[in-house]
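These notebook entries record what I looked up in one structure, taken topic by topic.

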Amino acid sequence: MKIHIDIDCFFVSATRILHPELENKPVAIGGRSDTKIFNKDAKKQTVNFENSGSFVPTFYKAYEESDDDLDAFKDENGKVRGILTTSSYEARATGVKTTMRIDEALRLCPNLIIKAPNMTHYQKLSHELHEFLSSKIPLVEQASIDEFYGDLSGWVEDQDIPNFIKELKDEIKRVVKLPVSIGAAKTRYIAKLATTAAKPFGCKIIQPSQLHDFIKEIPAAEFAGIGKSMKARLNSAQIHTLGELVHRRGTVESWGPYAKDLYQRVSGLSDAPIQTQTKRKSIGISRTIEPLFCRDELKRRVHVLARHLSFAILKLEVIPTVFHLSIHYEMNQKSHKNISLSEIFTEKKFHSICIDLLEQADIQKRLHVIRVSINCSSFTRDSRKELSLIGFNDDKKMQSLTKESQKIREKYGLDILKWGSEL
Ligand SMILES: [Mg+2]
């Protein structure tokens, strides 16, 4: 399945990290109407720390420390200018909307707290979330400053997706401190629609069998890719909802290739791959488990995690040289171990590394284990120069075996090949 992750009222949530006193209050972020970054069509927005000058309104800097930055939006005559770029759910409850004029919003919600934007802070958080997601999911695409897509196929079994995305959402809140909503579906387009339905701070999965019921009442314009002119065209054909759209295949498809493609996307029949843009630095896998005492069973589970992680590493075509395993025990006890090894990556070797790490890290043998994580980092390229020569030729043989297993798994699923020690 594909997932879509969207930060809930991002700029407000980001501001609340710096100003926790704004939690549960109606807050909005003001902005200049010409800032490209707010444009929903501005896909492929890159996060750039060094060259963010054009986005950073230094003019507002002086106001950052005050409770309310309303003064920053007053002109020389004291008139409030500017529009809102983000508003909190508390503000939305009073009728305040994004892109509303600030003075209008203040009439609707007199106790609305207006904050100035802080692009550097937003970009830093966006980058942090991207890094975090990349360490959890093999394929992550950043679609905008607060939106990401991920591909879970071959990584998380369909029946485990509800738990996986709920845990991911809670972990993002814990680690990056941002509330997000997550949608999951067979295609990225439907996953995005699911996220909208999951908001705020929720998760929603749309199974293929639920698709038609789910989209039935959704206004056509809410679908990414239906702009003003397409909306007008649909309306003139008496099509107002996505449900109506899928029932009028002939009409829609007669409008040409774009409409034809749109029809496929809305009906969940076409998809586009997840495109990763940045170089990842690490990849890991972790699972919270029912308190487990039996070490043989623990070992078996580490094998399973290693097999999954190995699949992802091979899919990414990277060679990790640092391996890290951590154990969380009951009673808040933790332990971890890591080793570095500059050798060709093979699945067999990786399994024994993980088991070695487990044996070394497991120092509280009288305690139950509640979570295991494995993380691989410091990637290098597949070259003799960078890798140790010891066993290089044997490793090459093992590598081709690993590659064969990978092909089989990509075709038939991750569980088709298991290690003897897992059974
Ligand atoms: Mg958002």
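Entry 1, terms. Before listing bridge partners I fixed the term: two strands pair if DSSP finds at least two bridges between them. With that settled, I looked up Asp6 and found that its bridge partner in β6 is Glu147. I note at the outset that the model is predicted.

Entry 2, overall composition. I counted the elements of the protein chain and obtained 14 helices and 12 strands. Of its 423 residues, 34% count as buried. I then took the contacts with a separation of 6 or more and found that 66% of them involve residues 24 or more positions apart.

Entry 3, strand β6. Is strand β6, residues 147-151, enclosed or open? I checked its residues, and 5 of the 5 are buried, so β6 is largely enclosed by the rest of the structure. In general, the side chains of a regular strand alternate between the two faces of the sheet. I therefore examined each side of β6 separately: Glu147, Tyr149 and Asp151 lie on one side, Phe148 and Gly150 on the other, and all are buried, which means that both faces are covered.

Entry 4, partners of β6. I looked for the strands that pair with β6. Strand β1, residues 2-7, runs antiparallel to β6 and is joined to it by 5 bridges. Strand β5, residues 139-144, also pairs with β6 in the antiparallel sense, over 5 bridges. Glu147 appears in this pairing too, as the bridge partner of Ser144. I traced the connection from β5 to β6 and found a hairpin through 2 residues.

Entry 5, the sheet containing β6. In what order do the 5 strands of this open sheet lie? I read the order as β5-β6-β1-β7-β8, with mixed pairing. β5 and β8 (203-205) stand at the edges and have a single partner strand each, so one side of each lacks a neighbour in the sheet. The twist from one strand to the next averages 15°. At the β8 end I examined strand β7, residues 180-185, which runs parallel to β8 and is joined to it by 3 bridges. One residue pair I noted there is Gly183 with its bridge partner Lys204 in β8.

Entry 6, helices on this sheet. I found helix α4, residues 119-134, packed on the sheet, where it touches β1, β5 and β6. The direction of α4 makes about 160° with that of β5. Helix α6, residues 188-198, lies across β1, β6, β7 and β8 and runs at about 140° to β7.

Entry 7, the sheet containing β12. I recorded an open sheet of 4 strands in the order β9-β12-β10-β11, with antiparallel pairing. Its edges are β9 (282-292) and β11 (334-340); each has a single partner strand, so one side of each is left without a neighbour in the sheet. With direction ignored, neighbouring strands are turned by 10° against each other on average. I counted 8 bridges in the antiparallel pairing of β9 with β12. Within this pairing, Ser286 has Ser373 of β12 as its bridge partner.

Entry 8, helices α12 and α13. Helix α12 lies across β9, β10 (319-329) and β12, at about 160° to β9. I then compared α12, residues 295-316, with α13: their axes come within 9 Å and cross at roughly 140°. The two helices are therefore oblique to each other, and α12 passes α13 in a right-handed crossing. By class, their contact has 6 nonpolar, 3 polar and 2 charged residues. On the α12 side I listed Lys299, Val302, His303, Ala306 and Ser310, which meet Glu347, Phe350, His351, Cys354, Ile355 and Leu358 of α13.

Entry 9, two loop residues. I located Arg366 in the loop between α13 (347-361) and β12 (369-380). Is Arg366 buried or exposed? Arg366 is exposed, because 6 other C-beta atoms lie within 10 Å. The C-alpha atoms of Arg366 and Tyr329 are separated by 9.7 Å, with the residues 37 apart along the chain.

The other loop residue is Gly82, between β2 (27-31) and β3 (83-87). Gly82 counts as partly exposed, because it has 19 C-beta neighbours inside 10 Å. Gly82 and Gly30 are 52 residues apart along the chain, and their C-alpha atoms are separated by 6.6 Å.

How values were computed: Residues are numbered from 1 along each chain as its sequence is written. This is a predicted model: local features need pLDDT of at least 70, side-chain atom pairs count only at pLDDT 80 or more; totals for chains, interfaces and linings use all residues. A residue is buried if 20 or more other C-beta atoms lie within 10 Å of its own, exposed if 12 or fewer, and partly exposed in between; C-beta atoms are placed from the backbone. Two residues are in contact if their C-beta atoms, placed from the backbone, lie within 7 Å. Axes are lines fitted to C-alpha atoms, for helices over the stretch in contact, and angles run from 0 to 180 degrees between N-to-C directions. Angles under 35 degrees count as roughly parallel, over 145 as roughly antiparallel, 65 to 115 as roughly perpendicular and the rest as oblique. A crossing is left-handed if the near helix is turned anticlockwise from the far one by less than a right angle, and right-handed if clockwise. Ala, Val, Leu, Ile, Met, Phe, Trp, Tyr, Cys and Pro count as nonpolar, Asp, Glu, Lys and Arg as charged, and the others, Gly among them, as polar.
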